[in-house]
Amino acid sequence: MSHPSALLNVIDVEATCWDGQPPPGSVSEIIEVGLTVVDVTARRRVSRHRVLVRPARSTVSDFCTELTGLTQAEVERGVTFAEACRVLVEEYGAGERPWASWGEYDRLQFARQSQADGVAYPFGYPTERTHTNAKAVFSTAYGLRKKPGMKNALQIAGLPLEGRHHRGEDDAWNIAALVLDLLDRGAWPVTVTVV
């Protein structure tokens, strides 16, 4: 039996990054998972969450701290990637609930890191099964040839940027506002969840 899910997880990740190539032996790893739960039926954001993730094969560069505000000391207090995935599944229904992100980066980063770490992908397989690329939906709904970044999309939609750009928790909250705008326009696809 299938039914449209009333809850949608909006995810935004921040990952270790560098101004240029990563140092030898380092790879880009998730350091923050921002999550906003949207009640699609009620058309409102119902909660916001943040999971800090401790990187295992990289460190937070000065460039990354400048971009995200996250420091190595802060992410050292985070959980492992495996624990973050467990939290997404057990506390936020990631395996069953549809989810969205701005573009494909977040989905692909989870898929890459899950494979590299030998951790079950938290959103189920295939990796795009329950994922909606909110950037693509927005671009189509607004008739744009070029897909805008989240900050530009907020301006186009006449919505404020709340919080700090490139902070996962704040970006997920802002992306959720764009999802609500798309719902109001009748442009958000209905996601069917198999239960």
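**Entry 1: α6 and α7**

I looked up the packing of helices α6 and α7 in this predicted model. Helix α6 covers residues 150-157 and helix α7 covers residues 168-184; their axes cross at roughly 40° and come within 10 Å. I therefore recorded α6 and α7 as oblique to each other, since roughly parallel would require an angle under 35 degrees. The crossing of α6 and α7 is left-handed. By class, I noted six nonpolar, one polar and two charged residues in this contact. On the α6 side the residues are Met-150, Ala-153, Leu-154 and Ala-157, and in α7 they meet Asp-171, Asn-174, Ile-175, Leu-178 and Asp-181.

**Entry 2: the loop between α6 and α7**

I then followed the chain through the loop that joins these helices. Leu-161 belongs to this loop between α6 and α7. I asked whether Leu-161 is buried, partly exposed or exposed. Its relative accessible area is 34%, so I entered Leu-161 as partly exposed. Beyond its neighbours within four places in sequence, Leu-161 is in contact with Met-150, Lys-151, Leu-154 and Asn-174. I also checked Leu-161 against Ser-101: 60 residues separate them along the chain, and their C-alpha atoms are 16 Å apart.

His-166 is placed in the loop between α6 and α7. I noted a positive phi of about 70° for His-166, which is not a glycine. Most residues other than glycine have a negative phi. His-166 counts as partly exposed at 28% relative accessibility.

**Entry 3: α3 and α4**

I turned to the pair formed by helix α3 (residues 81-92) and helix α4 (residues 105-117). The axes of α3 and α4 lie 11 Å apart, and the helices pack at an angle of about 125°. I recorded α3 and α4 as oblique for that reason, and their crossing as left-handed. The contact of α3 with α4 has four nonpolar, two polar and one charged residues by class. Phe-81, Cys-85 and Leu-88 are the α3 residues that meet Phe-110, Gln-113, Ser-114 and Asp-117 in α4.

**Entry 4: α5 and its surroundings**

Which residues of helix α5 (residues 134-141) are buried? I found Ala-134, Val-137, Phe-138 and Ser-139. The elements that cover these buried residues include β5 (99-101), β6 (131-133), α6 and α7. At the start of α5, I located a side-chain oxygen of Asn-133 that comes to within 3.0 Å of the backbone nitrogen of Lys-135. After α5 comes Gly-143, with a positive phi near 65°.

**Entry 5: Asn-9**

I examined Asn-9 in strand β2. Asn-9 counts as buried, at 1% relative accessibility. I looked for the partners of its side chain. At 2.8 Å, the side chain of Asn-9 reaches the backbone oxygen of Tyr-92. The side chains of Asn-9 and Arg-97 make a polar contact at 2.9 Å. Leaving aside neighbours within four places in sequence, I listed the contacts of Asn-9, among them Leu-35, Thr-36, Val-37, Pro-98 and Trp-99.

**Entry 6: Thr-16**

Where is Thr-16 found? I placed Thr-16 in the loop between β2 (7-15) and β3 (30-39). Thr-16 counts as buried because its relative accessibility is 1% and the cut-off is under 20%. The side chain of Thr-16 makes a polar contact of 3.0 Å with the side chain of Ser-58. Neighbours within four places in sequence aside, the residues in contact with Thr-16 include Val-27, Ile-31, Pro-55, Val-60 and Cys-64. I noted a C-alpha to C-alpha distance of 9.4 Å between Thr-16 and Glu-32, which are 16 residues apart in sequence.

**Entry 7: Glu-74**

I checked Glu-74, which lies in helix α2 (residues 72-76). With a relative accessible area of 17%, Glu-74 is buried. Apart from its neighbours within four places in sequence, Glu-74 is in contact with Arg-50, Leu-52 and Gly-69.

**Entry 8: backbone geometry**

I closed with two backbone features. Most peptide bonds are trans. Tyr-125 and Pro-126, however, are joined by a cis peptide bond with omega about -10°. I located Pro-126 in the loop between α4 and β6.

Arg-43, a residue other than glycine, has a positive phi near 55°. The loop between β3 and β4 (44-52) holds Arg-43. I entered Arg-43 as partly exposed, at 42% relative accessibility.

Notes:
Residues numbered from 1 in each chain as written. Predicted model: local features only at pLDDT ≥ 70, side-chain atom pairs only at ≥ 80, totals over all residues. Heavy atoms only, no water. Helix = DSSP H or I, 4+ residues; strand = E, 2+ residues; numbered from the N terminus. Buried < 20%, exposed > 50% of the residue type's maximum accessible area, 1.4 Å probe, protein only. Contact = heavy atoms within 4.5 Å. Polar contact = N/O pair within 3.5 Å; in protein donor to acceptor, adjacent residues only side chain to side chain. Axes fitted to C-alpha atoms, helices over the stretch in contact; angles between N-to-C directions. Parallel < 35°, antiparallel > 145°, perpendicular 65-115°, else oblique. Left-handed = near helix turned anticlockwise from the far one by under 90°. Nonpolar A, V, L, I, M, F, W, Y, C, P; charged D, E, K, R; others polar.
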